[in-house]
Amino acid sequence: MAECTRREGSGGGTHTLGLLYPPAGRGREYTTMQLAFVGGVAEAATTYGYDLLLSPGDTHDDPSFLRMVGDRRVDGVIVMEIRREDDRVEWLAEAGFPFVAIGRNHRADVAGWVDLDFAALAGGCVQHLADLGHTRIAFVNRSEQLFSSGYGFARLGDDGYTEAMKRLLLTPRAYLCGDDLASGEEVVERILRDDPATTSLVTQNEAALEGIYRGLTRNGRSVPRDFSVVGVSAGPWAEQVNPPLTAAEIPAKEMSRAAVDLMMKRLRKPASPPRHVLLKPLITLRASTGRCQSVAGSEPELEFPDFDLDF
């Protein structure tokens with residue numbers, strides 16, 4: 001990363017914001033959704049006359065994190081892909097370095113944050129399917145690696161799905177899935193192997209969405225005629241699949257703007273109390289959900305007792 005020179009101006013400093021954002025895709029690449037956030041933060045920072053310095057650091061001792069923060073190359077940091085226990089947040093909080101988060105954990109409360117209510121969104125998706133008569137509802141989460149690492153959105157989504165299913169007296173069946181097409185196809189095989197009568201699923205893994213659709217087609221399930229899919233997804237992903245996905249949309253641009261606004265307030269008024277913004281987008285109805293139809297051959301055959309009839 002190039003050394004940032006300090007510029008003279010209002011408040012001094014580098015007029016540069018840092019974005020701590022580890023890649024979440026397979027092979028350590030940024031996913032399409034992540035790139036949308038990078039672009040959103042960069043665009044919002046520009047309106048305040050700030051540049052953006054991106055670091056893939058996912059721990060406090062990552063060299064890029066240390067160069068960015070330790071060398072004071074930036075005036076403040078926006079932290080993303082927050083884990084429930086996140087040493088980057090711990091380090092920044094202890095050091096008193098200005099930061100805000102997109103995402104949250106208990107330690108992020110010392111700073112400003114903006115987040116989606118993933119638990120409520122997953123629960124809302126379950127309720128939408130239940131209102132359509134579905135009772136066999138699976139949940140497709142993110143990868144095992146992300147879930148095991150404690151990423152907040154993966155854990156919160158799982159919590160919201162499970163709580164909604166139990167509230168409706170339904171049996172929860174949650175699956176971890178890699179962020180790629182092949183993993184989407186494979187998770188459908190697992191779902192239908194475990195319960196062939198499954199008629200719907202909720203997903204917050206948009207990178208696997210096309211694979212999920214392909215897996216359903218391969219197994220003779222037509223969306224939405226006899227299988228419904230609803231998700232938490234960005235608008236472009238939801239609209240590119242066929243049929244378009246009914247989804248609670250992730251407003252990447254709006255969240256990026258809110259995070260930069262909080263960062264500017266933090267830099268201008270360091271002593272002001274932190275602000276927290278929790279968003280719960282509405283579900284946009286498209287063409288991927290419909291009334292529940294039983295799956296042919298999946299229901300048990302009815303057994304009738306033998307009667308001796310004397311006419």
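**Entry 1: a pair of facing residues**

I started with alanine 101, which stands opposite tryptophan 113 in β5. The model I am looking at is a predicted one. I then checked the strands around this spot and found that β4 and β5 pair in the parallel sense over three bridges. As a reminder to myself, strands of a sheet pair through backbone hydrogen bonds, either parallel or antiparallel.

**Entry 2: both sides of β5**

Next I looked along β5 itself. Which residues point one way from β5, and which the other way? I noted Gly112, Val114 and Leu116 on one side, with Trp113 and Asp115 on the other, and all are buried. That fits the count for the strand: five of its five residues are buried, so I wrote β5 down as mostly covered.

I also followed β5 to its other partner. Four bridges join β5 to β11, and these two strands run parallel. Here I found leucine 116 standing opposite leucine 279 in β11.

**Entry 3: the whole sheet**

I then stepped back to see the full sheet. In what order do the six strands stand? I read off β2-β1-β3-β4-β5-β11, an open sheet with parallel pairing. The edges belong to β2 (51-55) and β11 (276-279); each has a single partner strand, so one side of each is left without a neighbour in the sheet. From one strand to the next, the twist averages 15°.

I picked one more pair to check. Strand β3 (residues 76-79) pairs with strand β4 (residues 99-102) in the parallel sense, over three bridges. In this pair, valine 77 stands opposite phenylalanine 99 in β4.

Two helices that pack on the sheet went into my notes. Helix α2 (residues 63-70) touches β1 (16-20), β2 and β3, and its direction makes about 150° with that of β2. Helix α10 (residues 252-268) touches β1, β3, β4, β5 and β11. The direction of α10 makes about 170° with that of β5.

**Entry 4: just past the end of β5**

I went on to aspartate 117, which lies in the loop between β5 (112-116) and α4 (118-131). Leaving out residues up to four places away in sequence, aspartate 117 touches Leu278, Leu279 and Lys280. I also looked up its separation from alanine 252, which is 135 residues apart from it along the chain. The C-alpha atoms of the two are separated by 14 Å.

**Entry 5: helix α1**

I wanted to test the length of a helix, and I chose α1 (residues 32-47). At 1.5 Å a residue, its 16 residues should span 22 Å; the end C-alpha atoms are 23 Å apart, which agrees.

Which residues of α1 are buried? My list has Met33, Gln34, Phe37, Val38, Gly40, Val41, Ala44 and Ala45. They cover an arc of only 165° around the axis, which puts them on the same side of α1. These buried residues pack against β1, β2, β3, β4, α9 (235-240) and α10. Just after α1, I saw that glycine 49 takes a positive phi of about 80°.

**Entry 6: backbone surprises**

My rule of thumb for this page: most residues other than glycine have a negative phi, and most peptide bonds are trans. I went looking for exceptions.

Histidine 15 is not a glycine, yet it has a positive phi of about 55°. I found histidine 15 in the segment before β1. Is histidine 15 buried or exposed? Its relative accessible area is 14%, and buried means under 20%, so histidine 15 is buried.

Arginine 72 is another residue that is not a glycine but has a positive phi of about 55°. I located arginine 72 in the loop between α2 and β3. With a relative accessible area of 42%, arginine 72 is partly exposed.

Then came the cis peptide bonds. One joins valine 223 and proline 224, with omega about 5°, and proline 224 lies in the loop between α8 (209-218) and β9 (228-233). A cis bond also joins asparagine 242 and proline 243, with omega about 0°. Proline 243 is found in the loop between α9 and β10 (246-249).

**Entry 7: what the record says**

Last, I checked UniProt. An unreviewed entry there lists residues 126-289 as "domain: Transcriptional regulator LacI/GalR-like sensor". I looked up that span in the model: it is 45% helix and 16% strand, and its end C-alpha atoms lie 12 Å apart.

Technical notes:
Residues are numbered from 1 along each chain as its sequence is written. This is a predicted model: local features need pLDDT of at least 70, side-chain atom pairs count only at pLDDT 80 or more; totals for chains, interfaces and linings use all residues. Side-chain values use heavy atoms; hydrogens and water are left out. Contact means heavy atoms within 4.5 Å. Two strands pair if DSSP finds at least two bridges between them. Axes are lines fitted to C-alpha atoms, for helices over the stretch in contact, and angles run from 0 to 180 degrees between N-to-C directions. Buried means under 20% relative accessible area, exposed over 50%, partly exposed in between (1.4 Å probe, protein chains only). The expected span of a helix is 1.5 Å times one less than its number of residues. The arc is that of the directions from the helix axis to the C-beta atoms. UniProt positions are given in the numbering used here, feature names are shortened, and annotations may be inferred rather than shown by experiment.
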